[in-house]
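Q: I should like to learn how to read a model of protein chains with DNA. Where does one begin?

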There are 2 protein chains.
Amino acid sequence: MTESIRCPRPSAKRDAILDAACAVFLEVGYAAASMDSVANRASVSKATIYAHFNDKDDLFGAVIRMRCDRNLNLTSVDSALDARDTLTVIGQRFLNLLLQPDSLSMYRLVTAEAPRQPDLARAFYESGPGTSKTQIAQAISDLGRRGLLNVDDAWQMADLFIGMLRTDLFMRTLLGLPQTKERTVDQAVSAAVETMLRAFGP
Amino acid sequence: MTESIRCPRPSAKRDAILDAACAVFLEVGYAAASMDSVANRASVSKATIYAHFNDKDDLFGAVIRMRCDRNLNLTSVDSALDARDTLTVIGQRFLNLLLQPDSLSMYRLVTAEAPRQPDLARAFYESGPGTSKTQIAQAISDLGRRGLLNVDDAWQMADLFIGMLRTDLFMRTLLGLPQTKERTVDQAVSAAVETMLRAFGP
DNA sequence: GTCTATACAACGATAGAC
DNA sequence: GTCTATCGTTGTATAGAC
């Protein structure tokens, strides 16, 4: 019996299966993704998939966890920047990350399956939204320590900042509704940053 | 051929099918919802479903549109209230609505299917998030006219306010992660309202 | 481990009687 | 319109050879 979670030692076929499965799941969703289409895309027979993974759920879990492992660094910014520039840089990184097609597909996929796969939902939260929140709270805390922001509860402020970034623009993009793209990201970040400065500026 | 969208004249069986389909879709998602389970739940034969709806997609669309038609009034508040109380009342209504199990299931369902069903995504947005935003922008605009809030762009402020309400609490609930419920809603609303007042208070 | 071929169940949709 | 019964397809998963 293959151990798919612990000790996934490298294997060319295994990686090809994971990549193909990831693409298919993100494209058509969990239920509509057939093992046949994954096998074809990976140029592998269906039986080979079952040699590496117990079943479809197991494969799905491995895909999600693989994607969750690569978490980004949102908050490595020049420490000489003031509050406005720091928040702007972080906000742009965060929002651009959030609006990437892959991120949106991942979000749709995991939230849809969350009621049936609580473990995956937790893994996704911790590696995605949870990590972002931690990083941003840390950055806000630093700004507070430098006297550039009135920081009472850094976690709550991170929550508010993230919320102001994840607005209608996110919702509309998530739903695939038309949007004027480039301009709007900058505009959303600017609105969030200015509101943060108004509310918590020194 | 049954017209399922226009002129859905009342029919007991038809309503039973719609209710059953709604329950099943919200429970297990689109793909996992079988026509058999809908038929059983509605105490109706499968053929009867196909007498009223063209296919599964058509039934799904009818369900979503039915749920979209009942939009709520978030912003009918006592006009004597000040900005803090007005925003608090609206915020609590909005967030409580958002965190209801049915709302969350609907959100999961529509966002997951949005790439395959753009029309439904649009209908959902307009009757849900779009309507809420319009109502809240209207309320904020009123507060501005009464001199209780510095309103430059009411739509943008509504966006920010909604974003600050739809924070980590929403994400965690959406993903089914444990949460201390009652206290947290009030806390989230309070944080959002106080930040609005700090940033846009007179 | 990897393949071809297949078993077996579930599903969407329809036929035909009433 | 509503039912029972069924068709044809697709999907997950496995058997057995190599």
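A: One may begin with the surface that faces the DNA. In this predicted model, α2 (35–41) and α3 (46–52) of chain A, together with α3 (46–52) of chain B, each supply at least two residues of the surface near DNA strand D. The most comes from α3(B), which gives four residues.

Q: Which residues come nearest to DNA strand D?

A: Of the 17 residues around the strand, A:M35, A:K46, B:K13, B:T48 and B:H52 come nearest. By character, the residues of this surface divide into seven nonpolar, four polar and six charged.

Q: Which parts of DNA strand D lie within 4 Å of the protein?

A: Of the strand's atoms within that distance, 58% belong to sugar or phosphate and the rest to bases. A polar backbone atom of A:M35 is 2.8 Å from a phosphate oxygen. Polar side-chain atoms also approach phosphate oxygens of DNA strand D: one of A:Y50 at 2.9 Å, and one of B:H52 at 2.7 Å.

Q: How are chain A and chain B related?

A: Two copies of a chain are related by a rotation about an axis and a shift along it. Here, a turn of 180° and a shift of 0.0 Å along the axis lay chain B on chain A with an RMSD of 0.0 Å. That is the relation of a two-fold axis. The copies meet through the same surface, because 100% of the interface residues of chain B are also interface residues in chain A.

Q: Is α6(A) mostly covered or uncovered?

A: The helix is mostly covered, with 10 of its 13 residues buried; among them are A:L104, A:Y107 and A:V110.

Key
Residues numbered from 1 in each chain as written. Chains lettered and ligands numbered in written order. Predicted model: local features only at pLDDT ≥ 70, side-chain atom pairs only at ≥ 80, totals over all residues. Heavy atoms only, no water. Least-squares fit on C-alpha atoms with pLDDT ≥ 70 in both. Contact = heavy atoms within 4.5 Å. Buried < 20%, exposed > 50% of the residue type's maximum accessible area, 1.4 Å probe, protein only. Near = heavy atom within 4 Å. Polar contact = N/O pair within 3.5 Å; in protein donor to acceptor, adjacent residues only side chain to side chain. Nonpolar A, V, L, I, M, F, W, Y, C, P; charged D, E, K, R; others polar.
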